[in-house]
Amino acid sequence: MANLILILGDQLTRDISALENADRDRDVVVMAEVHDEATYTNHHQKKIVLLFSAMRHFARQLESDGWQVHYQSYHPDNQHQSLEAVVGEQVKRINAEKVITTECGEWRLHDQISGWHKRLGVPVEIRPDTRFIASKQEFADWAEGRKQLRMEFFYREMRRKTGLLMTSEGEPEGGQWNFDADNRKKWTGKPQAPAQFRIEPDAITRDVIALVDEHFSDHFGTTDDFHFAVTAEDAQGALEHFIDYALPCFGDYQDAISDTEDWLFHSILSPYINSGLLDPLTVCEAAARAWYSGRAPINAVEGFIRQILGWREFVRGIYWMNMPGYAQENRLGNTRALPWFYWTGDTKMRCMHKAIDATRRNAYAHHIQRLMVTGNFALLAGIKPEEICDWYLAVYADAYDWVELPNVLGMVMHADGGYLGSKPYAASGKYIQRMSDHCANCHYKVNKSTESDACPFNALYWHFIDRHRDDFAKNPRMGMMYRNWDKQKPERREALLRRAGDLLANLEQL
């Protein structure tokens, strides 16, 4: 009897664990573009193009490698609108002995698949996702008994495990574990940002673009100028392009924001890593080789590797240890709805407009735009965590629940009470001024706080500090903020809170 092997849209890896020891002559690989997965949130049009096209290319590669593949292409009138329905039909068609799949990246889908054995009447084997450097159990073992979970210490364990940027004596290369303090330069236009890596759409991708234009035109974003890689070979080209042209300056400017450049020196590799077209350890090793060969400085290479080996692995561990309850956290008691301008970019706040507009066009914004612009505003304004989390999941090509939810709910919104991060990433407009050139072109004045044309971030910051005194006053990393707040004259504090109150009452008009 044959096994049915299900491969999901973020498992586009030729040695994925679901295929291990499979029989190419007997077993059937199932892949499906289904309505339920494409529409459970308002996925960016480019994200849908990327995944559908990459899935079609991957299925074709499997067939050329000798696998039997059943592939369902998307159509709104398909008989089967869910993965379960597609798998159920194929189980009956081939009289499958067993369904085999690799563990998925989302609790919602994991919960569904975990019940298939009962509903479909066939055993379901869910295999570990070996593409991650730390298994779920390994992370849980590391976390057990710790009062606080901090990425930096987990990251060091991953460095030791992999040997990345480690000396033969077991010490970190460069004499320190973390070079983040060297990675905060403002970009002033030099050195020139490299051209973005581009792959022109082939016939398969053009077909998918036409499909998305027809059936997903009401989704966020646009398919215009789609140039993502959709095969492992082209994703490898994107990695090599980053190593050669952007990595040398990535460290210095990884926190910088530009009014004129969407990409700067960022890798834009996360859509490929998170969908399986690139292997995370291979990517880290390529960056490490660039340092050893003198092609990139240690602060750039370490900072890049930390994002993958440290933060990416850490948030996955947090997610699976704490779901499904983690998704309901709202420790700061936020109640405001997400402003509509998050979907349109129609706001006079220059930094917000530019970040949202880039997101609309590219299905991408870099981590500081996400954390310190759109995320910071949501934190200061007290937006409901579930609404801002859903926005991040929808609008970015690299967003999957396991990586998006802890980043947004924990790091951006501090809704987990500090479980993931030791302090909230709240900042006034001064931070954005320091790291970008947006403020010079903004309707609002970053050097004002209480006037009608003052930067909204300024008064909202102090309102956040004031209303959450009980939450943060005893936090050793927040003490200076409260001392600064308390030093201000009463009339100044009153004016700031009044301005913030007006802003919060009229968010949609900002």
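**Domains, cores and salt bridges in the predicted model**

Domain 1 and domain 3 touch through 13 residues of domain 1 and 16 residues of domain 3, contact being taken as heavy atoms within 4.5 Å. This is a predicted model, so local features need pLDDT of at least 70 and side-chain atom pairs count only at pLDDT 80 or more, while totals for chains, interfaces and linings use all residues. Residues are numbered from 1 along each chain as its sequence is written, and side-chain values use heavy atoms, with hydrogens and water left out.

The domain assignment splits the protein into domain 1 (3-127), domain 2 (136-322) and domain 3 (340-509); such bounds come from an automatic or database domain assignment. Between the C-alpha centres of domain 1 and domain 3 there are 39 Å. Together these two domains bury about 1,100 Å², with carbon and sulfur atoms giving 53% of that area. Buried area here is the accessible area (1.4 Å probe) that two parts lose on being put together, summed over both. On the domain 1 side, Thr41, His44 and Lys47 give up the most area to domain 3, together 44% of what that side buries. As for charge pairing, the rule finds 0 salt bridges across this interface, a salt bridge being a side-chain nitrogen of Lys or Arg within 4 Å of a carboxyl oxygen of Asp or Glu.

Elsewhere the picture fills in, with the count coming to 31 salt bridges. Glutamate 138 pairs with lysine 161, the closest N and O atoms being 2.7 Å apart. That pair links distant parts of the chain, 23 residues apart, with glutamate 138 in helix α6 (residues 136-143) and lysine 161 in helix α7 (residues 151-162). Helices (H or I, at least four residues) and strands (E, at least two) are DSSP runs, numbered from the N terminus. Glutamate 138 is partly exposed at 28% relative accessible area, and lysine 161 is partly exposed at 45%; buried means under 20%, exposed over 50%, and partly exposed in between (1.4 Å probe, protein chains only).

Arginine 350 and aspartate 259 form another salt bridge, with the closest N and O atoms 2.8 Å apart. Here 91 residues separate the partners, arginine 350 sitting in helix α14 (residues 350-362) and aspartate 259 in the loop between α9 (232-253) and α10 (270-275). Arginine 350 counts as partly exposed because its relative accessibility is 25%, whereas aspartate 259, at 6%, is buried. Asp180, Arg184, Glu302 and Arg306 are tied into a network of salt bridges.

Turning to the nonpolar side, the largest core has 165 residues, and Leu247 and Phe377 have the most contacts inside it. A nonpolar core is a set of buried Ala, Val, Leu, Ile, Met, Phe, Trp, Tyr and Cys residues joined through side-chain atoms within 4.5 Å. Helix α12 (residues 298-322) supplies the largest share of this core, 13 residues. Apart from it lies another core, of 20 residues, among them Leu4, Leu83, Ala96 and Val122.

Leu83 also belongs to α3, where the buried residues include Leu83, Val86, Val87 and Ile94. The 12 residues of helix α3 (residues 83-94) should span 16 Å at 1.5 Å a residue, and the end C-alpha atoms, 17 Å apart, agree with that; the expected span is 1.5 Å times one less than the number of residues. Asparagine 95 follows α3 with a positive phi, near 50°.
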